[in-house]
Amino acid sequence: EFMKAALYARYSSHEQDGGESIDFQLERCKSYIAEQGWSIEDSMLFIDQARSGTSTYRREDFNRMIALSKQTRPPFDVIVVWSTSRFGRNMEESAFNKAFLRRQGIDVKFVSQPLPDGEGVMGHVGKLIESVFEWTDELQSIQTGQYAFEGQRQVTQTGYSGGGRPPYGYVRAEVPDPGGKIDKDGKQVTYVTFEMDEDKAEVVRRI
């Protein structure tokens with residue numbers, strides 16, 4: 001059956017490891033679309049770069065795609081995504097969006113997670129497996145957030161900045177780890193501290 005496809009790709013700022021880069025997702029999803037014999041126009045590529053999947057907030061292209069699906073005659077019949085985690089990492093929100101799309105007659109396909117579909121038992125099995133993927137995606141997102149918070153806590157307890165803008169009158173400065181720690185790429189670990197901004201220091205003193 002000839003169908004018009006849309007393609008959605010996303011990564012968040014801490015996921016730029018090359019494994020699921022935007023280029024990787026586009027390449028694999030386009031290949032899948034070609035294998036199915038579907039068509040896709042350049043205007044039907046929706047990409048959110050450096051956007052978290054825990055919410056659709058600030059995911060401009062995702063929201064634009066959903067808005068187009070609300071039309072009486074949507075411009076696509078199927079949305080192709082590399083994995084459930086790219087579609088979103090909030091289980092309830094992802095399930096709601098997919099249910100809405102399918103009510104509109106728009107299917108959602110995950111290239112790296114082929115699932116059985118249909119109206120019978122296998123269709124229900126596919127939905128169950130998809131729910132397990134979504135639950136795992138959300139759990140991984142929660143764990144990543146906890147690891148990031150713990151890392152920031154350890155940094156601030158050693159007297160360095162955990163991130164963000166410096167206070168007025170100061171500038172950011174990178175300093176090497178006093179113990180000479182090396183990261184996984186063999187580079188020296190550095191931390192951020194604040195140094196006085198002489199141009200603004202007089203204002204602070206006057207205040």
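A residue is called buried here when its relative accessible area is under 20%, and exposed when that area is over 50%. With this in hand, we can walk through the structure above, which is a predicted model. By the definition just given, helix H1 has as its buried residues Ile22, Phe24, Gln25, Leu26, Cys29, Tyr32 and Ile33, while in the protein as a whole buried residues make up 35% of the 207 residues.

It helps to begin with the overall plan. The protein has 6 helices and 6 strands, and if you follow the chain from the N terminus, these elements come in the order β-α-β-α-β-α-α-β-α-β-β-α. If we take the contacts between residues at least 6 apart in sequence, 64% of them join residues that are at least 24 apart.

Let us turn next to the sheet. An open sheet is formed by 4 strands, which are arranged in the order S2-S1-S3-S4 and pair in parallel. Strand S2, residues 45-49, and strand S4, residues 107-110, each have a single partner strand and stand at the edges, so one side of each is left without a neighbour in the sheet. On average, and with direction ignored, neighbouring strands of this sheet are turned by 20° against each other.

The individual pairings can be followed strand by strand. Strand S1, made of residues 5-11, pairs with S2 over 5 bridges in the parallel sense, and it pairs with S3, again in the parallel sense, over 4 bridges. Leucine 7 is a useful landmark, for leucine 7 stands opposite leucine 45 in S2 and also opposite valine 80 in S3. S3 is in turn joined to S4, which runs parallel to it, by 4 bridges, and here isoleucine 79 is found opposite valine 108 in S4. The side chains of S3 deserve a careful look, since Val78 and Val80 point one way from the strand and Ile79 and Val81 point the other way, yet all of them are buried.

Helices lie against this sheet. Helix H1, residues 22-36, lies across S1, S2, S3 and S4, and runs at about 160° to S1. Helix H2, residues 60-69, also packs on the sheet, where it touches S1, S2 and S3, and its direction makes about 150° with that of S2.

H1 can be examined in more detail. With its 15 residues, H1 should span 21 Å at 1.5 Å a residue, and its end C-alpha atoms are indeed 21 Å apart, which agrees. The buried residues of H1 pack against S1, S2, S3 and S4, and against helix H3, residues 84-87. One of these buried residues is glutamine 25, which counts as buried because its relative accessibility is 0%. What does glutamine 25 contact, once its neighbours within four places in sequence are left aside? Its partners are Ala9, Arg10, Glu20, Trp82 and Arg86. After H1 comes glycine 37, which has a positive phi near 80°.

Helix H4, residues 91-103, offers a second example of how a helix can be read. Its 13 residues reach 18 Å from the first C-alpha to the last, close to the 18 Å expected at 1.5 Å a residue. Within H4, the residues Ser94, Asn97, Lys98, Phe100 and Leu101 are buried. They cover an arc of only 160° around the axis, and therefore lie on the same side of H4. The face turned away from this buried side carries the exposed residues Glu92, Phe96 and Arg103. The ends of the helix can be described as well: at the N-terminal end, asparagine 90 acts as a cap, with a side-chain oxygen 3.0 Å from the backbone nitrogen of glutamate 93, and just after H4, glycine 105 takes a positive phi of about 85°.

Finally, we can look at a loop. Glutamine 188 lies in the loop between strand S5, residues 170-176, and strand S6, residues 190-196. Is glutamine 188 buried, partly exposed or exposed? Its relative accessible area is 45%, and therefore glutamine 188 is partly exposed. When residues up to four places away in sequence are not counted, glutamine 188 touches Pro176, Asp177, Gly180, Lys181 and Ile182. For aspartate 177, which is 11 residues away along the chain, the C-alpha atom is separated from that of glutamine 188 by 7.4 Å.

Notes: Residues are numbered from 1 along each chain as its sequence is written. This is a predicted model: local features need pLDDT of at least 70, side-chain atom pairs count only at pLDDT 80 or more; totals for chains, interfaces and linings use all residues. Side-chain values use heavy atoms; hydrogens and water are left out. Two strands pair if DSSP finds at least two bridges between them. Helices (H or I, at least four residues) and strands (E, at least two) are DSSP runs, numbered from the N terminus. Axes are lines fitted to C-alpha atoms, for helices over the stretch in contact, and angles run from 0 to 180 degrees between N-to-C directions. Contact means heavy atoms within 4.5 Å. The expected span of a helix is 1.5 Å times one less than its number of residues. Buried means under 20% relative accessible area, exposed over 50%, partly exposed in between (1.4 Å probe, protein chains only). The arc is that of the directions from the helix axis to the C-beta atoms. A polar contact is a pair of N or O atoms within 3.5 Å; within protein, one must be able to donate a hydrogen and the other to accept it, and residues adjacent in sequence count only if both atoms are side-chain atoms.
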